Amino acid sequence: MFVMKTTIFSVIATALSCLLLGAHFLRDGALVAAFLCAVAPIALISRRRAVLLILQIGLLAGALVWAHTGAELVEVRRMLGQPFGRLVAIIGGVIAWTAGSSALLSLPRVKVRWSRDAKTAARSAWAFWLTFASLAALQVAISPPMLLPERFLSGAGWAAVAGLSAYAAWLVAAMSDPGRQPRLRLFVWGLFSAVFFGQLLLGLLVDGRFLMTGELHLPVPALIVAGPIYRGEGLFMPILLGVTLLLVGPAWCSHLCYIGAWDAVAASKRKTVGRLPRRASWVRVGILAAAVITAAVLSVAGVPGSAAAVIAAAFGLVGVAVMLTWSRRRGTMVHCTVYCPIGLVANVFGKLSPFRIRVDTQSCTRCLACTKACRYDALRAEHVQEGLPGLTCTLCGDCVGACKRSDISYRLLGLSPPRARTTFLVLIVSLHALFLGVARL
Ligand code: SF4
Ligand code: SF4
């Protein structure tokens, strides 16, 4: 009975705190944010532990919002020479109530009612708030708006922030099952690519607001390096790539690139995975060098942008042909592991990130089941023997689920393999949700 009463009281306290926050946003004219706050407690119906954690952290953030608002109001009254003692007492009470309702949700006797998927709750809450924080920062700070709904209806960007954050919370839990991860990764990666190119088509054919800036450039990954060399400016994409490589290493090429998803689909058409010839690594070095030198020569020679664009488009089309022929036939992602210059850049500079894939050579039975899962040709018998994949590994994680003994795993500094994998998943899923929300041409 006591447990029931505490649970009911914490739900009422949470609902009231959310309504107060909603009223605060309503007063500021932020209708969508107000609506989201008002309906947030309804999520408690789900009985998932993640919902409880997400609300708990949200209420703490709400208490900070009140503290910030209180400080602003006190400052105004002080400047006007008006008394502010009562104001401090009221705002202080609201802060205490909001933070208190967060604390109530952490009581073990309350948590017991929200016990579904308790194992993955913390990672879902992390992915939710990481995605929320990064998208909210873009929503608040960037103009014109980066989130698409905001371009059509003022305030609607907040619905995208909340929706994508909830999506990240769900996805990281779903991907926690190593056996399910490969198919899910392929699906959501393809979804990202479809959304990206769908927006490009809508932007060109229907409404320019579907485009990021309207300044079109070709969706050819090689231009991330070649573009700035040719133009002598435009470092946004190299910086974005660099930051991503620092965070999640070469996983750019297994989760985030809108073209790589095509190569993954092409390679998946064949059930078995093939091997690349040894000279393939020299071919990819040659292609990267050729891309850099060509961009520099075109720039120095003053070749106009239209002619350079034709060359870049031709390079991109040859890449598609590589996918449709070699990748499909071999079952290996030949485009990404040989042809695309960014693949090599990601493989090499991705080593700056501390995430790694390692084989436990002590307990590994050398059954080589994991080698059959790698479509990046990074896991041959000799790599299993040595305990580490080859340079072309993109941290895709497909091999992890293929080993029934968990002898191949993610590593991160001194963390245990499960924790390293969880940390990786939280980061990569949050980045995926962020890219899904804002990546467009
Ligand atoms: S290798 Fe190139 S096309 Fe493939 S995923 Fe990486 S950047 Fe994208
Ligand atoms: S070694 Fe494993 S994680 Fe690395 S690319 Fe191959 S399957 Fe993916």
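**Figure 1. The end of helix H14 and the glycine that follows.** In this predicted model, Gly302 comes just after H14 and adopts a positive phi of about 70°. The helix itself covers residues 280–300, and its 21 residues reach 30 Å from the first C-alpha to the last, close to the 30 Å expected at 1.5 Å a residue. Which residues of H14 are buried? They are Arg284, Leu288, Ala291 and Ala295. Seen down the axis of H14, these buried residues fall within an arc of 55°, so they line one face of the helix. An α-helix has 3.6 residues a turn, so residues three or four places apart point the same way. The cover over the buried residues of H14 includes helix H10 (223–231), helix H16 (334–339) and H17, whereas the face turned away from the buried side carries the exposed residues Trp282, Val285, Gly286, Ala289, Ile293, Val297 and Val300.

**Figure 2. The surroundings of ligand 1.** The shell around ligand 1 consists of Pro221, Cys253, Cys257, Ile259, Gly260, Asp263, Cys336, Cys340, Ile342, Gly343 and Ala346. By class, these residues divide into eight nonpolar, two polar and one charged. Helix H13 (260–268) and helix H17 (341–349) each supply at least two residues of this shell, and H17 gives the most, with three residues. H17 also appears in the view of H14, where it is part of what covers the buried residues of that helix.

**Figure 3. The surroundings of ligand 2.** Which residues come nearest to ligand 2? Of the 14 residues around this ligand, they are Cys374, Pro389, Cys393, Cys396 and Cys399. The shell around ligand 2 has 11 nonpolar, two polar and one charged residues.

**Figure 4. Two non-glycine residues with positive phi.** Most residues other than glycine have a negative phi, and most peptide bonds are trans. Arg366, although not a glycine, has a positive phi of about 65°, and it is found in the loop between strand S1 (355–359) and helix H18 (381–386). Leu395, which is not a glycine either, has a positive phi of about 60° and lies in the loop between H18 and H19. Is each of these residues buried or exposed? Arg366 counts as exposed because it has 12 C-beta neighbours inside 10 Å, whereas Leu395 is buried, with 24 other C-beta atoms within 10 Å.

**Figure 5. Asp407 and its contacts.** Asp407 sits in the loop between helix H19 (398–402) and strand S2 (408–412). It counts as buried because 22 C-beta neighbours lie inside 10 Å. Leaving aside its neighbours within four places in sequence, Asp407 is in contact with Val359, Asp360, Ser363 and Cys364. Of the pair formed with Ser363, the two residues are 44 apart in sequence, yet their C-alpha atoms are 6.7 Å apart in space.

**Figure 6. Helix H1 and the helices packed against it.** Helix H1 (residues 2–27) has 26 residues and reaches 37 Å from its first C-alpha to its last, close to the 38 Å expected at 1.5 Å a residue. Its buried residues are Thr7, Ser10, Ala13, Thr14, Ser17, Cys18, Leu21, Gly22 and Phe25. Against which helices do the buried residues of H1 pack? They pack against helix H2 (31–39), helix H3 (49–80), helix H4 (85–105) and helix H5 (108–111). Just after H1, Gly29 takes a positive phi of about 85°.

**Figure 7. A cis peptide bond before Pro144.** The peptide bond leading from Ser143 to Pro144 is cis, with omega near 0°. Pro144 is found in the loop between helix H6 (118–141) and helix H7 (148–152).

**Figure 8. The setting of these views in the whole chain.** The secondary structure of the chain comes to 20 helices and two strands, and the C-alpha trace spans about 75 × 60 × 35 Å along its principal axes. Of the 441 residues, 41% count as buried. Among contacts between residues at least 6 apart in sequence, 74% join residues at least 24 apart. The chain is divided into domain 1 (1–116), domain 2 (182–348 + 427–438) and domain 3 (354–419), and the C-alpha centres of domain 1 and domain 2 lie 44 Å apart.

Technical notes: Residues are numbered from 1 along each chain as its sequence is written. Chains are lettered from A and ligands numbered from 1 in the order in which they are written. This is a predicted model: local features need pLDDT of at least 70, side-chain atom pairs count only at pLDDT 80 or more; totals for chains, interfaces and linings use all residues. Helices (H or I, at least four residues) and strands (E, at least two) are DSSP runs, numbered from the N terminus. A residue is buried if 20 or more other C-beta atoms lie within 10 Å of its own, exposed if 12 or fewer, and partly exposed in between; C-beta atoms are placed from the backbone. Two residues are in contact if their C-beta atoms, placed from the backbone, lie within 7 Å. A residue is near a molecule or strand if its C-beta atom, placed from the backbone, lies within 6 Å of it. Ala, Val, Leu, Ile, Met, Phe, Trp, Tyr, Cys and Pro count as nonpolar, Asp, Glu, Lys and Arg as charged, and the others, Gly among them, as polar. Domain bounds come from an automatic or database domain assignment. The expected span of a helix is 1.5 Å times one less than its number of residues. The arc is that of the directions from the helix axis to the C-beta atoms.
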